[in-house]
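The following exercises invite the reader to examine a structure step by step. Each task is followed by a worked solution.

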Amino acid sequence: MLQYPHLEKALKHHFGYDQFRPGQRQIIEDALENRDLMVVMPTGGGKSLCFQLPALLKPGLTVVVSPLIALMQDQVEALRNNNISATFLNSSLNSYKVRSREEAIMNGKIKLLYVAPERLISDRFLPLLDVVKEKVGISTFAIDEAHCVSEWGHDFRPEYRQLRLLRKRYPDVPTVALTATATDRVRADIIEQLGLKKPSIHIASFNRQNLYYEVRSKSNRAYAELLEIVRENEGSGIIYCLTRKKVDEITLKLQNDKVSALPYHAGLSDKERSENQTRFIRDDVRVMVATIAFGMGINKPDVRFVVHSDLPRNLESYYQESGRAGRDDEPSKCTLFFNYGDIKTIEWSINQKPDPQEQLIAKQQLRQVIDYAEGTDCRRTIQLSYFGERFPGNCGNCDNCRYPKPVQDWTIEAMKFLSCVARCKERFGMLHIIDVLRGGKNQKIIVNKHDQLSTYGIGKDKTVDEWRMLGRSLLHQGILEQTPDGYSVLKLNALSWEVMRKQRPVLIAVPVMQKITLDEGNIKAAEVEILMQRLRSLRKQLADEQSVPPYVIFHDSTLKLMAQVQPRTLYEFGELSGVGSHKLAQYGDKFLAEIQAYRQEQGIQTSTVNQVNYAPVNNFPSDTELTTLQLYQQGFSIEEISQKRNIRPTTIIRHLADLIEKNQPIDLSRLVTLEHQQKIWQVLEVLGDISLTPIRDYLGESYSFDEIRLVRGKWRREKIK
Ligand code: ADP
Ligand code: ZN
């Protein structure tokens with residue numbers, strides 16, 4: 001038996017979603033039990049909902065601590081678009097605004113308050129909070145990005161440390177801590193620093209099923225491939241580069257290729273950066289080319305692809321950065337370009353670190369990234385094992401699972417390569433060896449007389465990239481070594497000699513080219529895409545009118561549903577995931593009109609297309625209802641009407657409720673006290689249009705089914721208008 005059977009209704013009503021994401025329901029139930037909570041979920045897991053929905057269901061104010069102004073504004077905008085009374089207080093507001101918002105809070109008009117930690121614990125604010133607690137109650141403190149309390153996390157903020165004061169001052173207000181950082185150490189630190197009491201701990205899987213992971217080797221075609229990715233994928237994308245210089249280069253190239261792209265890096269002024277970011281979030285520009293300075297606090301849910309054009313520093317960073325794709329759970333793509341040169345660059349910078357311990361850790365982390373990039377196992381298995389999570393593989397959504405790399409026997413090639421290293425007296429790096437194998441004619445070869453070696457030109461049948469792939473693989477398999485002095489001179493070892501003596505085979509995983517064929521599924525997808533384009537521009541237009549990011553209106557996932565389902569009535573429209581009652585009323589007509597226009601242009605014929613109707617509600621009272629109405633208007637009581645007509649009183653009530661719903665002149669306050677009306681109304685707002693019993697359960701014995709039915713009639717009328 002579910003303890004809170006109506007949470008799904010409330011979810012649909014307020015947020016428009018049909019189902020909870022994994023973990024959410026459990027967490028929300030715990031929150032409703034006023035437990036302290038520690039929520040660890042990957043980016044995009046849906047953490048916010050875990051405190052937002054309870055905030056609406058519990059009396060009093062929920063205070064949300066959030067470190068970044070941009071983050072607060074986004075969340076509050078999204079909430080307001082669902083008609084939820086939320087607000088924020090931060091340094092971007094003038095004192096007049098602050099005061100009016102504080103007043104609204106004190107009057108209990110606000111359910112969710114977002115506030116920065118330093119303001120929350122200030123001497124000015126705490127007394128105000130005391131009054132709020134007294135007058136309207138504080139339902140919860142929700143600490144977002146809770147890893148900021150920990151020095152072990154990647155984003156320590158000293159002001160978070162002082163939050164512990166809240167626990168002391170308001171010991172009975174439950175605290176919910178949320179983070180996407182997974183390590184044990186940070187987790188323990190959060191519990192300790194915030195003084196959580198017997199917290200219920202929820203750790204979600206870090207598997208992001210909707211993300212497609214792939215690694216491509218970075219050849220001289222890398223830019224062409226990048227451009228292909230950008231063109232193939234509709235929607236927004238982020239391209240991460242190691243250096244500012246490269247960010248600028250790629251931005252320029254993309255712009256030349258007519259891709260709408262902007263740069264983001266620490267070399268730009270604050271103003272430029274925040275402008276570029278806003279343009280990205282508002283869908284004015286499609287692609288952000290950035291250093292890792294970009295991303296923290298960006299919760300744009302519809303990023304469709306994240307490309308790393310250079311190797312990330314470690315797997316955790318890669319996971320977090322690539323994880324900025326597909327927060328809305330829609331299929332999205334994460335591509336990592338990788339070549340041997342990157343490793344050298346990073347190794348060089350590691351060697352600059354003064355602390356040998358730090359060097360060691362950094363090298364180990366680099367090793368893990370290389371293993372990921374070179375790995376032939378399921379990418380998820382490799383990533384998740386990094387977080388201590390076991391994943392069986394065969395995910396079907398990574399390059400290694402979809403296009404398993406055939407392992408080929410390259411023993412002969414390896415023998416050629418290694419003996420060339422030997423003949424060059426183990427004094428050269430990989431590129432020179434490859435040059436010799438391929439019969440190059442450059443100065444270095446001539447001077448060293450390497451064109452006279454027996455291995456000169458015996459490798460013309462393979463490309464430079466292929467030889468490099470082999471060389472790399474030999475290095476990673478430990479069959480070959482290189483000097484760590486920055487020159488990377490190739491050196492042979494015992495294993496190399498085994499290969500050359502034919503005592504050891506060499507197997508390497510060879511990438512295969514992927515072919516994309518256009519089948520029926522693709523054609524249907526293309527049609528959906530055309531309609532989605534139109535819906536996107538409508539969304540953009542509506543968003544601009546309100547100066548909010550487009551995703552605040554509807555997520556991509558909801559647009560996609562619209563394009564697939566092509567609803568014809570408001571009722572059908574309201575059924576889509578992502579359409580809550582407020583958005584239905586606000587935007588339903590506009591999107592339906594757009595879909596209808598598309599269908600007409602496409603010649604999709606249906607007789608009912610023109611009727612944009614609400615649910616199967618018949619708006620005219622029936623004869624028997626009209627008879628009841630007449631008697632009621634003549635001043636007879638329900639009991640009297642019942643007797644006169646020889647119909648049970650409940651049926652009369654049913655008539656009256658339907659008459660109210662059908663907008664007939666019936667004064668509800670003659671039937672239900674104002675106080676009861678208000679209370680029932682509130683519950684309907686939360687639970688939505690469900691059957692009477694759960695509403696009654698919620699309200700208790702002092703409310704009758706009749707009263708609820710009558711108020712529901714009026715409520716339905718208001719909602720349907
Ligand atoms: P996190 O903070 O964990 O990174 P968010 O709370 O921003 O994630 O949620 C990511 C996205 O998923 C948001 O756009 C949110 O509206 C959406 N979302 C959350 N819960 C659900 C759900 N149950 N069904 C569909 N979408 C959801
Ligand atoms: Zn896989």
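**Exercise 1.** Determine how helix α1 and helix α3 are oriented to each other, and which residues form their contact.

*Solution.* The model is predicted. Begin with the axes: those of helix α1 (residues 7-15) and helix α3 (residues 47-57) come within 11 Å and cross at roughly 100°. Angles from 65 to 115 degrees count as roughly perpendicular. The helices α1 and α3 are therefore roughly perpendicular to each other. Next, identify the residues that meet: α1 contributes Leu7, Ala10, Leu11, His14 and Phe15, and α3 contributes Leu49, Gln52, Leu53, Leu56 and Leu57. Sorted by class, the residues of this contact are eight nonpolar, two polar and no charged.

**Exercise 2.** Carry out the analysis for helix α5 and helix α7.

*Solution.* The axes of helix α5 (residues 95-106) and helix α7 (residues 125-135) come within 9 Å, with a crossing angle of roughly 30°. Because angles under 35 degrees count as roughly parallel, α5 is roughly parallel to α7. In the contact, Glu102, Ile105 and Met106 of α5 meet Phe125, Leu128, Val131, Val132 and Lys135 of α7. The classes here are six nonpolar, no polar and two charged residues.

**Exercise 3.** Describe the surroundings of ligand 1, beginning with the residues that come nearest.

*Solution.* There are 15 residues around ligand 1, of which Tyr17, Gln19, Gly44, Ser48 and His555 come nearest. By class, this shell holds four nonpolar, eight polar and three charged residues.

Now consider individual atom pairs; the cut-off for a polar contact is 3.5 Å between N or O atoms.

- An N or O atom in the side chain of Gln24 is 3.0 Å from a nitrogen atom of ligand 1.
- An oxygen atom of ligand 1 lies 2.9 Å from a polar side-chain atom of Arg327.
- For His555, a polar side-chain atom lies 3.1 Å from an oxygen atom of ligand 1.

Finally, consider burial: ligand 1 taken alone exposes 570 Å², and the protein buries 84% of that.

Notes
Residues are numbered from 1 along each chain as its sequence is written. Chains are lettered from A and ligands numbered from 1 in the order in which they are written. This is a predicted model: local features need pLDDT of at least 70, side-chain atom pairs count only at pLDDT 80 or more; totals for chains, interfaces and linings use all residues. Side-chain values use heavy atoms; hydrogens and water are left out. A residue is near a molecule or strand if one of its heavy atoms lies within 4 Å of it. A polar contact is a pair of N or O atoms within 3.5 Å; within protein, one must be able to donate a hydrogen and the other to accept it, and residues adjacent in sequence count only if both atoms are side-chain atoms. Accessible areas come from the Shrake-Rupley method with a 1.4 Å probe; for residues, only the protein chains shown count as cover. Ala, Val, Leu, Ile, Met, Phe, Trp, Tyr, Cys and Pro count as nonpolar, Asp, Glu, Lys and Arg as charged, and the others, Gly among them, as polar. Axes are lines fitted to C-alpha atoms, for helices over the stretch in contact, and angles run from 0 to 180 degrees between N-to-C directions. Helices (H or I, at least four residues) and strands (E, at least two) are DSSP runs, numbered from the N terminus. Angles under 35 degrees count as roughly parallel, over 145 as roughly antiparallel, 65 to 115 as roughly perpendicular and the rest as oblique. Contact means heavy atoms within 4.5 Å.
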